[in-house]
Each structure stands twice: as C-alpha cells, then as structure tokens.
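Good morning, colleagues. I would ask you to bring up the sequence and the structure, and I shall then discuss one helix pair and one group of strands.

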Amino acid sequence: MSGGIAAYKAAEICRRLMDAGATVSPVMTIAAKRFIGEATLSALASEPVRTSLWGGPEPIPHTRLGQSADLVVVAPATARIIGSYAAGISSDLLSATLLATRAPVLMCPAMHTEMWEHPAVAENVATLKRRGVHFVEPGVGRLAGGDLGAGRLADPADIVDAASTLLRSSRSLGGVRSLHGVRAVVTAGGTREPIDPVRYIGNRSSGRQGYAVAAELAARGALVTLVSTVASSLDAPAGVDVVEVETAMEMLASVEACLTAPGSSADLLVMTAAVADFRPAMSSDQKIKRGSGVPDVQLVANPDILAGLAQARHANNASGPLLVGFAAETVRPGGPTLEELALSKLHSKGVDVIVANDVALPRVGFGHATNAVVIVDRDGRSVEVPLTTKEKVAVAVVDAAERILLTRSLTS
Ligand code: C5P
C-alpha cells in the first residue's frame, strides 16, 4: 500500500486475498500509515505489516519479500510509487521490494484525475506497461474531497480477480513461465475496407477477445506481436508489441512479415481478427458526393490469410507456425452442431486449432465482454467453455495452443 485515501480499501483486498487462499505479506509506506492503521492490516494478513527497511528483525527485508513473492500487488498505487518504480528509484521498503522482485507486479493506481492524467504519470505508466507490469486501471467516480472523475481505485473484487487470473495464467508459482521464448502473433479487431476516405466496409468485432489472448500469451512469457485494427481504442496489453493495421491486405502483409522475420520467425499465430471476406475493388481518393448518384461499389475477394498460411505450411512439409483460427457461426436447429461446424472449419482451413462460437446466442462474441466457445484441435480434442469472460476464454485458447506446442517440442 502506498499513501492515498483509497488505502482503506486495501483492508478489503487483503481479506479477499486471504479468503482466496493467498499468503499475504503486507507492506505499507509511511504515507499509507496516515490513512489506515497498521493493526488493521496486521490482523487481516498472514504476517505483521512491514513499513521500513530498517529496525526490523530481518537485515534485508526487501530482498526476502521480493524473492519469495509469487505476485506483488500495489493497491493503492500513488503517482509517487509509480514514478519511483518507473525510474528505478528505491526510497523505501515498498519501492525497494518492487525492484527486488522478478514476480509479476499488479499496480492499482488511485489518485486525483489531474494527477492521473498528468503527462508525467501517463508516461511512467506507459513505461511500466512496456516492461510487462500489469495494471488494473482506475475507474471513474467520486474522489476525495467530493470531486468526480477518473482516478478512483478499481473495485477490490476486480483487483483480486485480476490478481488470481495473473497468478493462474502466468504460471508464476515456482517461477515457471510456460511459454518463455515462444514468439506469437495475434490478430485482433475487424478489418476496415475503404470505399472512400470517409466510408468503409467493416464489422462488429471489438477486438477484445484478441487482446485477451495476447495478454494471456504474454503473461505466460511469450514474446507477442498484436496486429490490431483497434489499436487506437484499446490499451496494449502489458509487454505486448502492437502493430496497427486497417485493411485485410495490410493485416496479411504484417502477419507475413512477423512469420518470416529472419532469425525471429513466429512459432504461433492466433487469428482472432474478423477479416472482411470482400473489399471494394476500387477505393476513391475523394469523398464520393451524394449528388453524384448511388455509387456502384464492386467487391473483390480478400485472400484468406489463415488458409493461405496453412497451405504454404503444407507445401513446406508442415514446417511453420502453429495456426489457431476463430470461427463465428450461427447454429441452426436441426443443423450441424457448433462442434461439427468447428471440425469442418479445422479441416477446410488446414489449421491446428479452431475456436468456434455461436454468435446468435445472447452475450456471445462480437461486441460483448463475454464469450462461450468450443475449441477443437487436430488431435481430436474438443473443449467446451460455457459463457464466461473473454479473459477466461483466452486462458482455454492458450492452454490448447500450449499443449500442441509442447507435444511438438517433445517430438522434434
Ligand atoms: O472462414 P471464416 O471467415 O469463418 O474463418 C475465420 C477464421 O479465418 C478467423 O480465424 C479469421 O481470422 C480467419 N480469416 C482470415 N482471412 C480471411 C477471413 C478469415 O485469416 N480473409
């Protein structure tokens, strides 16, 4: 805990972490002690609160805390602690522990809107994200002094959820990063196919499922490039490189560049993007005026990126990246089941894994925060993931890819 008015909520976070079975070692800054009593945290946590590098029974408490942690959660994280951590400055037990740990770190900022939006803070946050530090973004709401705005500490339940997802997905217990060194490319969002400088043919994909897959891969230690059509509206997941594209042809060029980069070619491609099947044959450089009549927009087919890569891999004696595709289906009563549709797409595209969802169901897929999928793979496995968050679907998708990558490395 660092020193902000939201420090009182740390008591609830601590209790919830304990309820979830964690061992919690509380660390408070001097300023945090002004907002909440040490006795409260000591009573709720697994150990008494530590507040200083000096004077305790251990000669070097920060290294023990940093080395033994499976996860460090900073809640609330003030502008000061974010700044010291970004700059690598150790000025108290909390900042020293942050520098002494190799465990994943989850920062939960809380401060006044002006501070949160200050360019210095924004740059420090961006620096930490680039280094792989995780954030639970603050919410918008009532702040100290009655002001309304962004900067309010996220809900304790959401913080504990993020902490447990991170622990599970990073496999950080015992320091195992199960996809360490794996190079992955993930595509996300719907492509936009221009008709003129203003109009385009698009689709309802939000990109959130692809971002969740990229975050999950990065949390397991993979080196991830996210080829995204929604880079301006979604924050890049921690530690992930984002390449912004708009059209299917740009996406194809970026994916091919990542897959064939000399010395750093990708081991895994997850095509979460909703790629337009057709594009206008011609895109006007000038805005088409209403007075000039209804335009006759001729369409031409876009290449199927995934199927094309699967064919190239086949032609290359199966050497190439593991290919994971998504399939948005609508299941008709009496027709093939979602699993059957998924299997037929697995074979027609020649890929290793297909993740299929029935987009006609409520709260499933496009534009929703939730999803429900069936994951089939080339080894005949089929896993059903009932309606849940896109983050949990991402865990199942990455589990499926990881299992095949592991079998590959054992047999090669
Ligand atoms: O054939 P269908 O569009 O249902 O296949 C969906 C899968 O194929 C998705 O993984 C999508 O990203 C990919 N796809 C592609 N290129 C296209 C269309 C879809 O790679 N032109």
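**Strand pairing and a helix contact**

Glu329 stands opposite Asp358 in strand 15. I should say at once that what you see is a predicted model. The pairing to which I have just pointed joins strand 14 and strand 15, the latter spanning residues 353–358, in the parallel sense over six bridges.

Strand 14 has a further partner to discuss. Strand 11, residues 268–271, pairs with strand 14 in the parallel sense as well, here over four bridges. Within that pairing, Met271 has Gly325 of strand 14 as its bridge partner.

Is strand 14 mostly covered or mostly exposed? Strand 14, residues 322–329, is mostly covered, with six of its eight residues buried.

Let me turn to the helices. Two packed helices are described by the angle between their axes and the distance between the axes. For helix 4, residues 79–87, and helix 7, residues 119–130, the packing angle is about 50 degrees, and the axes lie 9 Å apart. Angles that are neither under 35 degrees, nor over 145, nor from 65 to 115 count as oblique; helix 4 and helix 7 are therefore oblique to each other. Their crossing is left-handed.

Which residues meet in this contact? Helix 4 contributes Ala79, Ile82, Gly83, Tyr85 and Ala86, while helix 7 contributes Val121, Asn124, Val125 and Leu128. By class, the residues of this contact comprise seven nonpolar and two polar, with no charged residue.

Thank you for your attention.

Terms used: Residues numbered from 1 in each chain as written. Predicted model: local features only at pLDDT ≥ 70, side-chain atom pairs only at ≥ 80, totals over all residues. Heavy atoms only, no water. Axes fitted to C-alpha atoms, helices over the stretch in contact; angles between N-to-C directions. Helix = DSSP H or I, 4+ residues; strand = E, 2+ residues; numbered from the N terminus. Left-handed = near helix turned anticlockwise from the far one by under 90°. Contact = heavy atoms within 4.5 Å. Nonpolar A, V, L, I, M, F, W, Y, C, P; charged D, E, K, R; others polar. Buried < 20%, exposed > 50% of the residue type's maximum accessible area, 1.4 Å probe, protein only. Pairing = 2+ DSSP bridges.
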